[in-house]
Amino acid sequence: MTDVTTLQQEIATEQKHVDRVYARVAELRQEAARAEREGYRQAAVGNFGALVERDAFVFHAARRRYLLDAEHEGLVFGRLDLHGGASFHVGRLGVRGEDAQPLVVDWRAPAAAAFYQATAAEPQGVIRRRMIQSSGERVTGIEDDLLDPEAAPEQMRVVGDGALLASLSKATGHGMRDIVATIQREQDQAIRSPGSGVTIVSGGPGTGKTAVALHRAAYLLYSDRNRFAGGGILVVGPSTVFVDYIASVLPSLGEESATLRSLGTLVPGWSATRTDPGPVAAVKGSLRMRRVLERASHDAVPDGPTTLRLLYRGTLLQLDRNQLDRIRTRALPRGARRNEVRRAGFDGLFDALWAQAQAQKVPGLPSKAEFEGALADREDFRSFAKEWWPRLRPRHVLAWLADPARLRRYAAGLLSTDEVDLLKGAFDTEDPTIADVALLDELDALLGRPMQAARQQRSQFQVAQGVYELSTAAERARAARAAATARPDDYREYAHVVVDEAQDVSPMQWRMLGRRGRLASWTIVGDPAQTAWSGDPAELERSRERALGSRARNAYTLTTNYRNSAEIFEVAAAEIRTIAPDLPLPTAVRTTGVPPVALAVPLAALAATVRDAVDELLAQVEGTIGVITPVDRVGEVAGWLGEVGDPRLQVVTSLQAKGMEYDGVVLVAPGEIRAGGAAGVRTLYVALSRATQRLVTVDVTA
Ligand SMILES: Nc1ncnc2c1ncn2[C@@H]1O[C@H](COP(=O)(O)OP(=O)(O)OP(=O)(O)O)[C@@H](O)[C@H]1O
C-alpha cells in the first residue's frame with residue numbers, strides 16, 4: 001500500500017499536467033472553430049480551385065474539432081519515465097503545446113507503444129510506467145509499475161493498488177467500454193499488427209478479442225487514415241444484440257467512420273435476427289447450398305407460361321413446353337446470370353418463331369428485324385416474355401425452395417434425404433433467418449443485376465464534381481464522422497474487414513463476407529471452442545481460407561480471461577473439458593469469493609425460480625443482468641420477466657449471448673442447451689462464460 005500523502009502529492013503533480021492539457025484543448029477547439037469559419041469566408045471567392053481548397057481545409061478543421069469535442073473522460077491516462085530523465089504522457093489523442101512540444105502522445109503513435117509493451121524483463125528504456133485514472137477532468141488514482149528499479153533516480157516515487165483490477169471490477173453497462181488505458185502487452189501486439197494481410201486473433205472467453213479487434217480498427221485509422229478511412233473499415237459481428245453492445249467503443253476512441261454490421265444485416269434490404277436450429281443452420285450454411293441455389297436460379301418460373309401461341313398474319317405460331325425449356329437452357333448455360341442474359345432468352349424466342357414463320361411460309365413475311373420489331377411491339381408477346389423470363393429477385397428464388405418437390409429436385413445428389421427433410425418449412429422469405437441472408441446474397445450474385453442505367457446519387461451538399469457545400473457545423477461534423485454515408489448501400493470495396501466471433505461464420509457466410517473484402521486486409525477474431533457450428537469443420541476452414549485468399553497471415557493468441565471471476569470460469573471450463581480435455585484455457589485473473597449457484601427444479605417451478613433469481617441478482621450487482629435461455633424458450637422466459645421492467649435486464653438466447661457480457665447471469669435450462677451434442681456443449685460454454693460477478697444456473701429436473 002502507498003501512504004496517503006505520497007499518493008496525494010503524485011495525484012496533484014499529474015493533475016497539474018492534466019489541467020494544462022485541458023486548457024490547451026479548449027484553445028485548440030477555438031482555433032479549429034475559427035479555421036472552419038475562415039474556410040467559409042474563402043468560399044465566398046467562389047472559383048473552383050478556392051472551393052476545393054476550402055473543402056479540404058474545412059474538412060480537416062471539422063475533423064479536428066470533432067476529435068476535440070469527443071468524449072474526454074480520461075483524456076490523459078498514462079505516463080512513461082525514461083532513461084536519461086525524459087518523460088511523456090499518453091492519452092486518447094495527441095495534443096501539442098503552443099511551442100509544438102507534445103503535451104500528450106496519442107496512444108496509437110509509435111512512441112506510445114512502449115506504454116503497453118514494456119515489461120520488467122524487457123523495459124525498452126522505460127523506468128516507470130504510470131497509469132492515471134480520472135473521473136471527468138479530475139485525476140482520481142495512480143498506478144505505477146517500476147520496470148527498471150536499478151535505473152530509477154532516488155526521488156522517483158512509485159504508487160498504486162492495481163489499475164487493471166480496479167478497471168475490471170467496474171460495473172458493466174449496456175455498451176462495451178474501451179480499454180485504452182489498460183491494454184495488455186499481448187493484446188497490444190495484436191492491435192499493432194501490420195495493416196496488410198490477415199491478422200488472426202484467437203483466445204478463450206473474455207480474453208479481450210473483441211476489444212482488441214475494435215482498438216485495432218482505431219489503430220489502423222490512425223496509422224493510415226487515407227487508406228482506411230478512405231476505403232472504409234467494416235466490422236461484422238454475429239447478431240444485432242452484439243453490434244449494439246459494441247457500437248460505442250469506436251466513438252469513445254474518437255473514431256466514427258467504421259461501418260458496423262451483423263451477419264443478418266450485411267446485405268442491404270435485410271435485417272434478419274432470427275436463428276435456425278443448429279442442424280438447419282448447418283445445411284443452410286454448407287457450400288453445397290451454392291449448387292442447390294444455382295440449380296434453382298436456372299429453373300423455370302413456378303406458374304410461368306408453358307406454351308406460347310401467337311397469331312401472326314393469320315398463321316398460328318406456337319412453342320410448347322419442351323421448346324421453351326430448350327430455349328431457356330441454351331440462353332442460360334452454366335455460369336450465366338439469369339437477369340443479365342434475358343436478352344439472349346428473348347433472342348431464342350425470336351429465332352424459334354422466325355424459323356416457324358419461314359417454315360409455314362407466312363404470307364408477306366418481312367425481314368427478320370422487322371418481324372422481331374413487330375412482335376416486340378405486341379402486348380401479348382411482351383406480357384408472355386415478362387412472365388416467362390421475369391427479372392428475378394433473390395427472395396423470389398429462395399421462396400421456390402419452400403416447395404418440397406422443387407427442393408428435392410435441386411438438392412438431388414447434393415443433400416441427403418434427412419437434410420432435405422430438415423429444410424422443409426425452413427424458408428420464410430417474408431422473415432428470413434440470419435443464415436438465409438447469406439443465401440439471398442449468393443442468389444444476388446447468381447442472378448446478376450438487370451442492365452439498368454446507373455442511378456446517380458447526388459449529395460444534397462454537392463456543388464461541383466468532388467466539391468461539397470457543407471453549410472453548417474453540424475452537417476460538417478456528421479460528414480467528417482461518417483464518410484461511410486457517401487458510400488452506396490452495397491459497398492464492396494472496404495480497405496479492412498474485421499470479423500468478430502469468426503468461429504460461427506458458416507461457409508456460405510464466408511462467401512458473403514469475401515465479396516465485400518476483395519480489396520481488404522482482414523482482422524479475424526474468434527475461439528473455435530465456442531462455435532455452435534455443427535456442420536463439417538473442414539469445409540468451414542476451407543471456405544474461410546478461400547475468402548481470405550493468399551494474403552499473409554499473422555496469428556496472435558490471448559491467454560488471460562479478464563471477464564469472468566475465477567469462480568465462474570471454473571464452471572465454464574469444466575463444461576468444455578467434457579469434450580476437449582486438453583484444450584488450453586485462459587487464466588481468469590480476478591476472484592470474487594462468490595461461487596456460482598446451481599439450482600435444479602421441476603418444470604412447474606421454473607418460472608418462479610428464474611424470477612426470484614433475477615430479483616436477487618438485481619439487488620446484488622450494480623450493472624447489467626443477462627437471462628440466457630435455450631433458443632426456443634426465449635419468448636416464454638421474456639414473458640415471465642415482462643413485469644420486471646428494469647433497464648438493466650436483458651433476455652437473450654444462447655446464440656444471441658455470443659460475445660455479450662453481463663455482471664450477473666441467470667442461465668435457464670442449461671441441460672437443454674447441452675443436449676445438442678458437441679455444438680450444444682460449446683454453446684453452453686459460451687453461455688456459462690458471460691458473467692463478470694455472479695452466475696445462477698436453473699436446470700429442469702426430470
Ligand atoms: N486490457 C484490458 N483492460 C481492461 N479490461 C479488459 C482488458 N481486456 C479485456 N478487458 C475486458 O474484458 C471483457 C472481455 O473482453 P472481450 O469481450 O473483448 O473478450 P472476448 O475475448 O471477445 O470474449 P468472448 O470470446 O467470450 O466473447 C470486456 O469487458 C473487456 O472490456
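Okay, so helix α12 goes past α13 in a right-handed crossing. Keep in mind that this is a predicted model. The two helices are residues 321-331 for α12 and 342-359 for α13, and their axes come within 8 Å, crossing at roughly 135°. That angle makes α12 oblique to α13. Who's actually touching? From α12 you've got Q323, I327, R328, R330 and A331, and from α13 it's A344, G345, G348, L349 and A352. Sort the residues of that contact by class and you get five nonpolar, three polar and two charged.

Right, on to the sheet. It's an open one with six strands, and the order is β9-β8-β14-β15-β7-β16, with parallel pairing. At the edges we have β9, residues 259-262, and β16, residues 553-558; each has a single partner strand, so one side of each is left without a neighbour in the sheet. On average, neighbouring strands here are turned by 15° against each other, ignoring direction.

Let's look at the β9 end. Strand β8, residues 233-237, runs parallel to β9, and four bridges join them. If you want a pair to click on, V235 has L260 in β9 as its bridge partner.

Now find helix α6, residues 209-223. This helix lies across β7, β8, β14, β15 and β16, and runs at about 165° to β15.

And α6 turns up again at the ligand. There are 25 residues around the ligand, and the ones that come nearest are P205, G208, K209, T210 and Y562. Which elements give two or more residues to that shell? Those are α4, α6 and β17. By class, the shell has eight nonpolar, 12 polar and five charged residues.

Conventions:
Residues numbered from 1 in each chain as written. Predicted model: local features only at pLDDT ≥ 70, side-chain atom pairs only at ≥ 80, totals over all residues. Pairing = 2+ DSSP bridges. Axes fitted to C-alpha atoms, helices over the stretch in contact; angles between N-to-C directions. Contact = placed C-beta atoms within 7 Å. Near = placed C-beta within 6 Å. Nonpolar A, V, L, I, M, F, W, Y, C, P; charged D, E, K, R; others polar. Parallel < 35°, antiparallel > 145°, perpendicular 65-115°, else oblique. Left-handed = near helix turned anticlockwise from the far one by under 90°.
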